[in-house]
Amino acid sequence: MSWRACLELHYSLESERTVARYRHDGPLRVLRSLYPEGDTVCHNVLVHPPGGLVGGDTVETQVSVAPGAHGLVTTPGATRFYRSLGEPARQRVHARLEAGARLEWLPLEALAYNQCQAENRAVFDLAPGAELLGWDITALGLPAADQPFAEGCFTQHLEVPGVWLEQGRIAADDLRLLNSPLGLAGQRCLATLFFIAGTPIERQRRDVALDAVRRVIDAHPLRLSAGATSPHPQVLVLRVLAPLVEPVLELLRPARAAWRQALWQMDAVAPRVWAT
């Protein structure tokens, strides 16, 4: 039996406080709103009680951020795509940011178990003046438990319509992609940290942000498999490959801090759930 879960999450600015309202259908929830850095930023944790997706399951999240509001969304653990008997398991995210809105989209990794058939799709619409800071982390198999990603398929789609589109299909039997130096080079965790603006990023601001995050990369053990660039005037990205998730997060968290400071002049207050 397949499970379907839907969540609508809306952020608005009310009396100088970002307020989150939501409604759900199925097993997808929002924990209570937290304000560890004051009223300006509302932190929320998305919880999926079943703990993972199997073939035929669908999890859909709709996020909207009103002008002037600033929401931060994360998860308490990985999104697990388990073995499928044929049908794909789907996770879909669509976020709409109005003028002057900010969103931090920081879920923990999508974990592709052996023999999964997974689709992971995220689309972000930004009005002029809106800004998004987020990441996407994918882990293939459970290398530390000697459970490799030997069968199955993982499909990824990241999009800002008309601005940025990345999509790919990782098949477990595509050894050239998985192991070639021109592919994943034998690594099993791949991640992208991204900053997207609704209008072109002013050149000096972009250069300051890239310099800041490159200093973080240069000081990290993954410096030889990570890099930052601006593929579009509205987009900054940091990409990294690693054998496991943990070293990737050890890079992405200070990189996120560097961009938060350089681009928004804000300290990088970590969501409370990351400390558990």
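1. In which sense do strand β6 and β9 pair, and over how many bridges? In this predicted model, strand β6 (residues 70-74) runs parallel to β9, and the pairing extends over five bridges. Within this stretch, glycine 71 is the residue that stands opposite leucine 103 in β9.

2. Strand β9 (residues 102-106) is also joined to strand β12 (residues 131-140), again in the parallel sense, by four bridges; here tryptophan 105 stands opposite glycine 134 in β12. Strand β9 is mostly covered, since four of its five residues are buried.

3. The largest nonpolar core holds 47 residues, and those touching the most other members are Tyr11, Leu97, Leu103, Phe124, Leu132 and Trp164. Strand β11 (residues 116-126) supplies the largest share of this core, namely five residues. A second core, separate from this one, comprises 45 residues, among them Ala78, Leu106, Ala226 and Leu238. As a general point, nonpolar side chains tend to be buried together in soluble globular proteins.

4. Phenylalanine 124 deserves a closer look. Leaving aside residues up to four places away in sequence, phenylalanine 124 touches Ala95, Trp105, Leu132, Glu159, Val160, Pro161 and Phe194. One of these contacts, Trp105, is the residue that faces glycine 134 across the pairing with β12, while another, Leu132, is itself listed with Phe124 among the core residues that touch the most other members.

5. Threonine 192, found in strand β15 (residues 189-197), has a relative accessible area of 10%, and it is therefore classed as buried, the limit being under 20%. Its contacts, not counting residues up to four places away in sequence, are Gly134, Trp135, Asp136, Trp164, Val237, Leu238 and Arg239. Of these, Trp164 is listed in the largest nonpolar core, whereas Leu238 is included in the second, separate core.

6. An open sheet of seven strands, with mixed pairing, follows the order β2-β1-β5-β8-β11-β13-β14. Its edge strands, each pairing on one side only, are β2 (17-25) and β14 (164-171). On average, and with direction ignored, neighbouring strands of this sheet are turned by 10 degrees against each other. At the β2 end, strand β1 (residues 4-14) pairs with β2 in the antiparallel sense over nine bridges, and histidine 10 stands opposite arginine 21 in β2.

7. Two backbone conformations may be worth checking. Serine 15, in the loop between β1 and β2, has a positive phi of about 55 degrees although it is not a glycine. Aspartate 146, in the loop between β12 and β13 (152-160), likewise has a positive phi of about 55 degrees without being a glycine. Most residues other than glycine have a negative phi. Serine 15 counts as exposed at 76% relative accessibility, and aspartate 146 counts as exposed at 69%.

8. Helix α2 (residues 203-218) has 16 residues and reaches 22 Å from its first C-alpha to its last, which is close to the 22 Å expected at 1.5 Å a residue. The buried residues in α2 are Arg206, Ala209, Leu210, Ala212, Val213, Val216 and Ile217. Seen down the axis of α2, these buried residues fall within an arc of 160 degrees, so they line one face of the helix. They pack against β16 (226-232), β17 (235-242) and α3 (245-264), whereas on the other side of α2 Arg203, Gln204, Arg215 and Asp218 are exposed.

Technical notes. Residues numbered from 1 in each chain as written. Predicted model: local features only at pLDDT ≥ 70, side-chain atom pairs only at ≥ 80, totals over all residues. Heavy atoms only, no water. Core = buried A, V, L, I, M, F, W, Y, C linked by side-chain atoms within 4.5 Å. Buried < 20%, exposed > 50% of the residue type's maximum accessible area, 1.4 Å probe, protein only. Contact = heavy atoms within 4.5 Å. Pairing = 2+ DSSP bridges. Axes fitted to C-alpha atoms, helices over the stretch in contact; angles between N-to-C directions. Expected span 1.5 Å × (residues − 1). Arc of directions from axis to C-beta.
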